[in-house]
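Work through the following exercises with the coordinates open. Each task is followed by a solution in steps.

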Amino acid sequence: MKIKTFKDEDTKISIWNLAGQHEFFSLHDLMFPGHGSASFFIIILSLFRKPGNKEPRSTIEIEEDLQYWLRFIVSNSKRAVQQCMLPSVAVVLTHFDKINQLSHNFQHTVDSIQRLRDKFHGFVDFYPTIFTVDARSSASVSKLTHYIRKTSKTILERVPRVYQLCNDLIQILSDWRSENYNKPAMRWKEFGELCQAKVPALRIRSRNDNKGKVETRRRAAATCLHHIGEVIYFEDLEFLILDCEWFCGEALGQLVKLNARKQYSSESNGFISRKELEKILRGSLQSPIPGMGSKVFENLDASDLVRMMLKLELCYEQDPSDPNSLLLFPSILEEGRGKTPRWRLSTPDCLYAGRHLECDDSSHMFLTPGFFPRLQARVHLHNRVKALNNQHGATYSLEKYLISIIINGINIRVELGGQLGYYIDILACSTKNLTETLRVFQQLIIPAIQSLCHGITLTENIIRPECVRNLTPPRYRKTQSVSVQQLKQALLSLPADGMYDYQHTWSPVLDSELQVPPENNPEGQDQALALTNQAETVDPTFGGIAKGVEAVLQRLKIIEQEIRDLKQEIQGLRYYEHRLLLELHHKVNYLATYNVQVEERKVPNLFYFVQTENYSRRLITTMLSGMTALRLHMLCEFRGQMHVVEDQMGCEIMQVDNRAVQCLAPYMKKFMKLVTLALKIGAHLAAGMGEMIPDLSKEMAHLAGSSAFLGAAAVGIGAAALGRRNRSVEGSRDIQQDLRAAQQWVVDFLRERRCSTGKDIAEKFGLWRVRYRDNGQIAWICRRHMYARSADIVEVPV
C-alpha cells in the first residue's frame, strides 16, 4: 500500500492506495473508517485495460470493479464498532481523453454506474458527479481536487473531535523519532516511558496513583492515534508502528510475497508451529546483502511479526484458545485450480448432493478471499473433523481454494467460488443415503461457515446433482442451482395431493467457450451472416442436415488452412523479432556496463531528461542550448529489465548551456533511437517511457540506412531484418568518446548539486550500486530489484 500525506491549509490529508492484494483482504482493514475517523473513498477506474492502456475495458468489467469496492466499503462499515455517518464515495474514470464521449459503450458505462448508485442508496453517501480525468493534465483534475478539499472539511465538521492530548502526542512522537535515528517502530514499554517523561496527563505521579487507570488512558490515546491514521497500533500487540508508509511498503511488502513452500514439507498440510514460522521469517527476510532486509528485524522481532501476521490474517491459528496452536500459512498450500478435479471414490451406487451458499444481495455485503483460509484453519471445522477421526476415520486436507473431507464414506469438497469470492459451494459424493449426507451438511459444514460470517446473511441453494457428479467448473454450475426458499414457496403453492408430483426443470448448461463471436470487421460480419442464413435454410430432414454438416465442415477446412498460414507467418516474424531483441539487449547491456575507469561507475549510465509542458511531462529527445525547466532522471540498469523508477525525485536543470549540448547531444540522439526501436517492437526496455515519447517515426525511417548505435539496425515493412556490420576502430572510438563525455558531464553536474555519494543518489534517484555475482560487472538498480534479485547481486556502496 502506498501512502501520500499532504497539508491543505490547516487540514492534514492522507491518501491510502488500497488497490491490489485482494487476496490479503485484511491488509485493507488497517485504517478502515468505522470508529469516527475522518475518511472517505475515491474509487478510480481506468477506461482501458493494462498494460499499454490501448484496449478499452467493457462496461461489465468496470461495473464488477466498482461493485467489488462498494461491497468492500459496506461490509467494513457494517462491521465497525460505531458508524457516525455513511461512508462517502466518489467515482473517477481515467484516460477520458482517449475515448469517444458520444459512443454507446461509454454511455452504457455511465448508466451502469448510475444503477449501482441507486442500488447502494442508503448504504453509502454516493457523490452524484462522476469525475473524468486525464492524468497528464492538472486542469482536468481541478474539479476532483476541489471536491477532496471541500469533502475533507465537511467530514471533519461532522465527526468527533480529536483530543488536544493526541495532537500533542503527534509532535512528541515525531521528536522521539528524530532523537532515535528515525526509528519506524516503538515498543509499548518505550511509549510508557515517553508518556511518563513528556506527557503530564499520562504520567504516574506517585505510588498511590492508580497505575491501571493511567495505563488505560495511554492505550486509549494510542488507539485514537491509530484511528486518525498517525500510527498503527493494536491493543494486543505490544508495539506501535510510527512510520505507516515504511510498514505498509517494506515490512508488509516482504511478508505478503513470502513464499515458504520451498522451505517446508507439504506433509503438514499447510500447518506449522510458531517456532518454525519464525525460523522461516528469519531465513527469508535476512538478506545476504549488508543493510538489506535486516531493517525489519532492527525494529521488530520475529515473534512480533508472527503476532502482526495473525492480526492481519496473513496466517491463522488452528485453535485460538491454545497458546501453542499450530498456524495455517496459506502460501504453503498448493494451487489446485487448473488441475482436472476427480472424486476420490466413485461407484455406480454413489449419490451426489450439493449446496451453494451465497451472500444475500440485498445486504450488499460479501465474502472475501480472506474468509476462506480462516475457514480452513479455525477450530470450528478442522478440530471437529479431527474429533471424528477416531470414530469414522475422517480425513481433512487443504488446497488453496479447497477443503477436502472424507467422513464415514462421505466425500465432501468445500470450494471457494467466484472471481471475487461471493459464494461457497459444498459438494458431496456419498455411499450413504441422502438424509445422512445432508445431516453432515447441516450439522458440521454449514454451521462452521455461518459462525465466521459475522453480520452476513447466506442464502442456501441446491446444486444440480449432475453438476456435482461431473464436478462441473464453478463458472458453468453457477446457473445450475435453485434457492431452497424458492422451492419451498413453489411446493406450498401446490395442492396437497399434487405436492409430491412437483418436478424442477434445470436450465441447459451452455459452454460459452465454444461460442466464437464474429470478428470486428465487415468481411467477418458478412461471413457470419452468410453462415447464419445458410443454417436457417437447412431443411429439417436427414438430407438437409447432411448438407448443413457438409457446409460447416467445408468452412472448418478453410479456417484450418488460414490458421496454418497465419502460424507460419507468425513463426517467421518471431525469428526476426528474436534477432532484433538480441541486438537490442546487447546494445543496452553495453550502455549499462560501460565503465569509465577513473570514476569506477560512481554514477549511473542510463539517464534521460523530461520537460513539463502544459501540465504534462514530455521526454526530451534532442538537446538544444537555452532549454529550460528540464529534469534529469536515471533508469534502473538491471540487465534485460531496464525501466523507469516510479516516484523518482531527480535533479532540476534550470538552463541548458553550450557545454551540456556538446557533451550530451550525441548520447541523447543515439539513446533515444535505441529506446524508440525497443518500443516499436514491443520490447520490455525502458518500461514506463511509452506515454512520454513523442512520435519519432521520421527518425525511425532513417534507421534503415544509417548506423544506429554500435551496429546497424534495419527495419523492413512487415518484418524486421537485422544484420551486424563490421565496426571500424574509428567508429568504436567515437562512441566511447560520446559515452565518456556524457558520463563526465553527469558526474560534474551531480557534484555541483552535492549529489556525489551513494546515499545521495539513492535519495534522489532510488538507485543503489551493486555488483553481479557471476561476472563482476557494476550496475545501478532500484529497490525492487535489490529485493527480488538479492541472490544475484552484492551491494557495493560508493
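**Exercise 1: a salt bridge between two helices**

In this predicted model, R659 and D748 form a salt bridge through their side chains, with an N to O distance of 2.9 Å. The two partners belong to distant parts of the chain, 89 residues apart.

Task: State which helices hold R659 and D748, and classify R659 and D748 by relative accessibility.

Solution.
- Step 1. R659 is in helix α19 (residues 658-680), and D748 is in helix α21 (residues 729-752).
- Step 2. Buried means under 20% relative accessible area and exposed means over 50%. R659 has 39% relative accessibility, so R659 is partly exposed.
- Step 3. D748 has 22%, so D748 is partly exposed as well.

**Exercise 2: other charged pairs**

Task: Find the N to O distance between the side chains of K183 and E190, and name the residues linked with D8 in a network of salt bridges.

Solution.
- Step 1. The side chains of K183 and E190 meet at 3.9 Å, N to O. The cut-off for a salt bridge is 4 Å, so the pair is counted.
- Step 2. K183 is partly exposed at 26% relative accessibility, and E190 is partly exposed at 24%.
- Step 3. D8 is linked with E9, R149 and K153 in a salt-bridge network.
- Step 4. The count of salt bridges comes to 27.

**Exercise 3: the seven-stranded sheet**

Task: Give the strand order of the open sheet that contains β13, and explain why β14 and β19 each have one side without a neighbour in the sheet.

Solution.
- Step 1. The order of the seven strands is β14-β15-β16-β17-β13-β18-β19, and their pairing is antiparallel.
- Step 2. β14 (395-399) and β19 (481-483) are the edge strands; each has a single partner strand, so one side of each has no neighbour in the sheet.
- Step 3. On average, and with direction ignored, neighbouring strands of this sheet are turned by 20 degrees against each other.
- Step 4. As background, strands of a sheet pair through backbone hydrogen bonds, in a parallel or antiparallel manner.
- Step 5. Between β13 (residues 351-359) and β18 (residues 458-463), which run antiparallel, there are five bridges. One bridge pairs C359 with L458 of β18.

**Exercise 4: helices across the sheet**

Task: Which strands does helix α13 lie across, and which does helix α16 lie across?

Solution.
- Step 1. Helix α13 (residues 434-451) lies across β13, β15 (402-407), β16 (410-417), β17 (423-430) and β18. The angle of α13 to β13 is about 25 degrees.
- Step 2. Helix α16 (residues 484-492) lies across β18 and β19 and runs at about 65 degrees to β19.

**Exercise 5: the surroundings of R355**

Task: Describe the salt-bridge partner of R355 and the contacts R355 makes beyond four places in sequence.

Solution.
- Step 1. R355 is located in strand β13. The side chains of E460 and R355 meet in a salt bridge at 3.1 Å, N to O.
- Step 2. This pair connects distant parts of the chain, with E460 in strand β18 and R355 in strand β13, 105 residues apart.
- Step 3. E460 is partly exposed at 24% relative accessibility, whereas R355 is buried at 10%.
- Step 4. Apart from neighbours within four places in sequence, R355 is in contact with I424, D425, I426, L438, F441, E460, N461, I462 and I463.

**Exercise 6: helix α7**

Task: How many of the 13 residues of α7 are buried, and which residue has a side-chain oxygen within 3.3 Å of the backbone nitrogen of E245?

Solution.
- Step 1. In helix α7 (residues 244-256), 10 of the 13 residues are buried, so the helix is largely enclosed by the rest of the structure.
- Step 2. The buried residues are C244, W246, F247, C248, E250, A251, L252, Q254, L255 and V256.
- Step 3. At the start of α7, the residue with that side-chain oxygen is D243.

**Exercise 7: cysteines**

Task: Determine how many disulfides are counted, and check C755 against the cut-off.

Solution.
- Step 1. The count of disulfides is zero.
- Step 2. The cysteine sulfur nearest to that of C755 belongs to C651, 5.1 Å away. The cut-off is 2.5 Å, so C755 is in no disulfide.
- Step 3. C755 is buried, with a relative accessible area of 0%.

Conventions:
Residues numbered from 1 in each chain as written. Predicted model: local features only at pLDDT ≥ 70, side-chain atom pairs only at ≥ 80, totals over all residues. Heavy atoms only, no water. Buried < 20%, exposed > 50% of the residue type's maximum accessible area, 1.4 Å probe, protein only. Helix = DSSP H or I, 4+ residues; strand = E, 2+ residues; numbered from the N terminus. Polar contact = N/O pair within 3.5 Å; in protein donor to acceptor, adjacent residues only side chain to side chain. Pairing = 2+ DSSP bridges. Axes fitted to C-alpha atoms, helices over the stretch in contact; angles between N-to-C directions. Contact = heavy atoms within 4.5 Å.
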